[in-house]
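User: Hi! I am new to reading protein structures, and I would like to understand where the words come from. Could you walk me through this one?

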Amino acid sequence: MTVSLSSTDHVVIVGASHGGISMAEQLRKHGFDGMITMLDRETSLPMERPPLSKAWLAEQGAGGDGSFLMRQAEWYKENRVEFRRGADAVTADPKARTLTLSDGDSVSWDQLVLATGATPRALPMAGGDDPRVHVLRVPADAESLSAAMTSARSMVIIGGGYIGLEVAASARKRGLEVTVIEMAPRLLARVASPEASAYFHALHESHGTGIRVGAGVQAIDTSGDALCLDLGEGEIIRADLVVAGIGVVPDLALAASSGVDHGNGITVDDSYRTSVEGIWAIGDVARCSGGYTRGQMRIESVHHAQMSAEIAAASMMGEDPKAHEVPWFWSEQYDKKLQSAGFVPADAEVVERKGRREGALSFWSFQDGALKAVEAIGDGQAYMLGKTALTTGHPVTPGQIADPEFDLKSLMTR
Ligand SMILES: Cc1cc2nc3c(=O)[nH]c(=O)nc-3n(C[C@H](O)[C@H](O)[C@H](O)COP(=O)(O)OP(=O)(O)OC[C@H]3O[C@@H](n4cnc5c(N)ncnc54)[C@H](O)[C@@H]3O)c2cc1C
């Protein structure tokens, strides 16, 4: 079904983060002249999420100059986006095409975009709701964690994914004693190759972070001055603060009331249309199967939030959207920058390659001889050329990558 918006149409976007802001921007870029209303339950101007676990935590007071704002206040006016802060949409009625807000107000739409993202998974154990147990998703979380870090001496991070590890690096920078506890047998098990996991494990240990893999917290005793984490078999770890980085759950409250198909995310087609006409879903909340995905999956990254917005906006304007791009992601821990492209298959053959500069390194994942992902550490060239090869399908073999004489620049040619 082709949609083509007219200048009398009203597009309502729920969620003003990486997905929602990109959606408004892309609609204007694609020539939409009608009304755009964007609403978010957060009361502050939208801030970028990636710095929350990086610079925001590592340097107290960072971002106070507005440098983490996604857009300056004038942007909303210049782009004629009516932005309603502190507006919590509680139900969506697809027949009446109306949202109801928690304050009883209602907003009507011609097209509705759900960019509601995800919320941190709560710790499912006794003591998990203590105020000294923190999560990190929105600026208020970072503010409260950063403030707590000023008087804390020790922190335990439950979950060794990217966010947990970035928090660990930031906390070490501020002098806290840090332990990361990960249930899986290795760090970053869900997202990185075993070789990249081993690299980050060693990096954190070299900075004095304690790492426990294959270990789970069974309960947290909150009765004393310090939190006591019970790891079973009589093992207790004490900490002033705990950060839970055990993943997120998609925010599906509106999806449920609107009747769109959903499960672990809102099911969308390649253009980010949901099963209900006039309702779209983008960013972390969308469960898509287009492009490079492995079946139906949610992709949690700034790149996916922006790309899905661009594709949905073009489709809404009745244009042929561009093809899905190779998914990419970055992370910063201590002085290391990781850039990755593609998805690492579980059964990947991983080839390590040293870069030209001191400490530059990349891991190339192959499946049945075909390149599937590149993870580059301090090696922008390997990342860029690997991503190009993933996009063009330029043939490259594990043997070539393993050969230090092989010129990566040849991946640019067809
Ligand atoms: C600490 C941290 C570090 C990260 N670092 C990186 C990184 O280095 N690189 C990278 O690629 N990605 C990173 N990410 C992931 C990236 O930030 C997310 O993928 C991205 O924010 C997803 O954007 P989104 O717009 O889909 O959802 P979200 O950012 O989750 O935003 C959803 C918004 O919708 C609002 N909302 C939800 N429901 C309602 C409702 N019913 N009514 C009103 N408002 C509602 C919420 O308040 C929220 O503001 C990081 C995330 C975090 C939390």
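Analyst: Happy to; below we take some terms one by one and set values against their definitions.

Analyst: This is a predicted model, in which local features need pLDDT of at least 70 and side-chain atom pairs count only at pLDDT 80 or more, while totals for chains, interfaces and linings use all residues. Residues are numbered from 1 along each chain as its sequence is written, and side-chain values use heavy atoms, with hydrogens and water left out.

User: How do you know how many helices and strands there are in the chain?

Analyst: They are DSSP runs, numbered from the N terminus: a helix is H or I with at least four residues, and a strand is E with at least two. Counted that way, the chain has 10 helices and 27 strands.

User: What does the radius of gyration of the chain agree with?

Analyst: The radius is taken over C-alpha atoms, and the globule rule is 2.2 Å times the number of residues to the power 0.38. For 414 residues a compact globule would come near 22 Å, and the chain has 22 Å, so the value agrees with the rule. Along the principal axes, the C-alpha atoms fill a box of roughly 60 × 60 × 40 Å.

User: Why is Pro139 called buried, or is it exposed?

Analyst: Buried means under 20% relative accessible area, exposed means over 50%, and partly exposed is in between (1.4 Å probe, protein chains only). Pro139 has 6%, so it is buried. Its place is in helix 4, residues 139–151. In the chain as a whole, buried residues make up 53% of the 414.

User: What is Pro139 in contact with?

Analyst: Contact means heavy atoms within 4.5 Å. Leaving aside neighbours within four places in sequence, Pro139 is in contact with Met47, Arg49, Leu52 and Trp56. Leu45 is 94 residues from Pro139 in sequence, and their C-alpha atoms are 10.0 Å apart in space. For the chain, of the contacts between residues at least 6 apart in sequence, 61% join residues at least 24 apart.

User: Why is Glu332 called buried, exposed or partly exposed?

Analyst: Glu332 has 33% relative accessibility, a value between the two cut-offs, so it counts as partly exposed. This residue is in strand 23, residues 328–333. Beyond four places in sequence, Glu332 is in contact with Lys54, Glu166 and Lys337. Ala55 is 277 residues away from Glu332 in sequence, with 9.5 Å from C-alpha to C-alpha.

User: What makes the phi of Arg80 worth a remark?

Analyst: Arg80 has a positive phi of about 50° although it is not a glycine. Arg80 sits in the loop between helix 3 (73–78) and strand 3 (81–85). With a relative accessible area of 45%, Arg80 is partly exposed. Leu188, also not a glycine, has a positive phi near 50°. Leu188 is in the loop between strand 11 (177–182) and helix 6 (194–206), and at 2% relative accessibility it counts as buried.

User: What makes a set of residues a nonpolar core?

Analyst: Such a core is a set of buried Ala, Val, Leu, Ile, Met, Phe, Trp, Tyr and Cys residues, joined through side-chain atoms within 4.5 Å. The largest one here has 89 residues, and Met23, Leu99 and Met155 have the most contacts inside it. Helix 8 (residues 302–316) gives the most to this core, with six residues. Apart from it lies another core of 18 residues, among them Trp364, Phe366, Ala382 and Leu385.

User: How do you know whether Ser365 is buried or exposed?

Analyst: Ser365 has 0% relative accessibility, under the cut-off for buried, so it counts as buried. Ser365 is in strand 26, residues 361–367. Its contacts beyond four places in sequence include Ser193, Val344 and Val350. Val350, in turn, is in strand 25 (residues 349–354).

User: And Val285: why is it called buried or exposed?

Analyst: Val285 has a relative accessible area of 0%, so it is buried. Val285 lies in the loop between strand 20 (279–281) and strand 21 (286–288). Among its contacts beyond four places in sequence are Leu114, Pro250 and Arg298.
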